[in-house]
Amino acid sequence: MRIYLFLVYFFFIVLSLFLIPSRSETCEKGDSRSHRYLLYDVNPGEGFNLRRDVFVRIANLARRLSEMDNWILVLPPWGRLYHWKHTHRGEYFPWHSFFDIKSLSKWTPVIEFEDYLKAEGPKIQEVYMLQHYVEGWTGEWVVKYDRRPCLEEHNFREDSDGSWHGTAWGTNIRVGNFSCLSIQGEASTLIPLITQKDETRTVLITRAETVLHDEYGGRRYWAARRSMRFAKHLLSEAARFRAEYLHSDDVSDKTEVTDDWRDFKPKHGTAVGGPYLSVHLRRRDFIYARGDEIPSLKKAAKQMKELLQAKELQDVYIATDAPLEEYVELEELMKPYNVHRYDPSPEFFDQWGDGGVAIIDQIICAHARYFTGSYESTFSFRIQEEREIMGFPVETTFNRLCGKKAKCEQPAKWKIVY
Ligand code: GFB
């Protein structure tokens, strides 16, 4: 009898293992009303690659929230940025235009803004616009935030019933509460505020660049960064160019990656790179903003030639925002070496815009045997990170062109950690 009871008990235990869904299954298949959404935005004046850095900060906040409850990060569409002169006002690129959404979701659950609108409609319960303290940092560093009068203009207006309305990424939205928040702290400093009311399911943080990284250069920083893989259509267009003009492919360059970034942890020195030098030469506003640190075209060409000679290479790929006439001048100065740049077809440009071209430039620079960038450019920093992720020797990555200043400090080596 005892044996019989034991067998019945055992049968029910095994059955329950099959019938009770796992936590991840309940999250994925759960009613969307049980989801909570974190939206964020960045100061309109910030460029593409600082925005990518802010994503890492907020992805790590979202990850912490998703460990506590069913939070999903909503990806802010890419509109016309200051440098994106070919992108029309009112035109928005969803994240899958540039990045691999599945890959991002392996770090923290994400959805596009258009899918948020489908799930929730054009409304958000709480909007916080972040700002610094008007009095600046006083005394020693303490982590804090306070609701304060707004220091800057914003596009949210209060209605007679105490609710608000405004626009987000070209969509009119209704807002429950809007407030300005002076903050001194990291992204996770916002957790108590975001989670303070159980009934709050949708929160938008604007000016998200105001908060710092929780651990810049740490494991979580790199995990979020590694999840930021480029969209496959951009990777294959860059691969086509590399094969056609630079004798470069992932097998011979030793830059093959696994499908899932979580399994990919190469050692420094694994990647070799294609037989070309790559250069990110930032021009335009940098000539005024970082004058002494940005070389003249002549000085840039001299440094590139020295590198080509030292590395015994014949080809240089130049990623630059320089106007065409400057690039033509550079080609002349670089003779007899072969100079390459990515010149998008009108179809490519129509479909993926300035952002698509910037990413193709970054992918090609990231796969070179040796890379050198521009002083304090976030465009160059993201290329350096890409090379760290692929396992290039450190000395082939953290380099920059020198300007007219005699002292030319090379970039800090932010090495990958797993
Ligand atoms: O990416 P980003 O923030 O880097 O801004 P910085 C530079 C923008 O210029 C990119 C274009 O998004 C591109 O649209 N750009 C720059 C390039 N270099 C290249 C290139 O090699 N190829 C292509 N295709 N496009 C910050 C600005 O720039 O510099 C700030 O974001 C401010 O607004 C600051 O101006 C001084 O960090 O280089």
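**Exercise 1. Work out which element gives the largest share of the shell around the ligand, and where the shell sits in the fold.**

Solution. Start with the elements of this predicted model. Five of them supply at least two shell residues each: α3 (48–68), α10 (285–289), β11 (315–320), α13 (346–366) and α14 (378–390). Now pick the top contributor: α13 takes the largest share, with three residues. Next, go up to the domains. Domain 1 (27–221) and domain 2 (231–396) both give residues to the shell, so the ligand lies between them. Last, check the pockets: the space taken by the ligand is the largest pocket.

**Exercise 2. Sort the shell residues by chemical character, then find those that come nearest to the ligand.**

Solution. Sort first. The shell divides into seven nonpolar, eight polar and five charged residues. Then look at distance: of the 20 residues around the ligand, Asn49, Arg282, Asp285, Ser377 and Thr378 come nearest.

**Exercise 3. Find the polar contacts that Arg282, Asp285 and Ser377 make with ligand oxygen atoms, then say how much of the ligand's surface the protein buries.**

Solution. Use 3.5 Å as the cut-off for a pair of N or O atoms. Take Arg282: a polar atom of its side chain sits 2.6 Å from a ligand oxygen. Move on to Asp285, where a polar side-chain atom is also 2.6 Å from an oxygen of the ligand. Then Ser377: an N or O atom in its side chain lies 2.6 Å from a ligand oxygen. Now for the surface: the ligand taken alone exposes 700 Å², and the protein buries 87% of that.

**Exercise 4. Check the backbone at Pro336 and Trp169, and place both residues in their loops.**

Solution. Begin with omega. The peptide bond from Lys335 to Pro336 is cis, with omega near 10°. Pro336 belongs to the loop between α12 (324–333) and β12 (338–340). Now phi: Trp169 isn't a glycine, yet its phi is positive, about 50°. You'll find Trp169 in the loop that runs between β7 (164–168) and β8 (171–184).

Notes: Residues numbered from 1 in each chain as written. Predicted model: local features only at pLDDT ≥ 70, side-chain atom pairs only at ≥ 80, totals over all residues. Heavy atoms only, no water. Near = heavy atom within 4 Å. Polar contact = N/O pair within 3.5 Å; in protein donor to acceptor, adjacent residues only side chain to side chain. Areas by Shrake-Rupley, 256 points an atom, 1.4 Å probe, with all protein chains shown as cover. 1 Å grid on protein atoms, 1.4 Å probe; cavity = no way out; pocket = protein on both sides within 12 Å on 5 of 7 lines; lining within 4 Å. Sits in = over half its atoms within 2 Å of the grid points. Helix = DSSP H or I, 4+ residues; strand = E, 2+ residues; numbered from the N terminus. Nonpolar A, V, L, I, M, F, W, Y, C, P; charged D, E, K, R; others polar. Domains from an automatic or database assignment.
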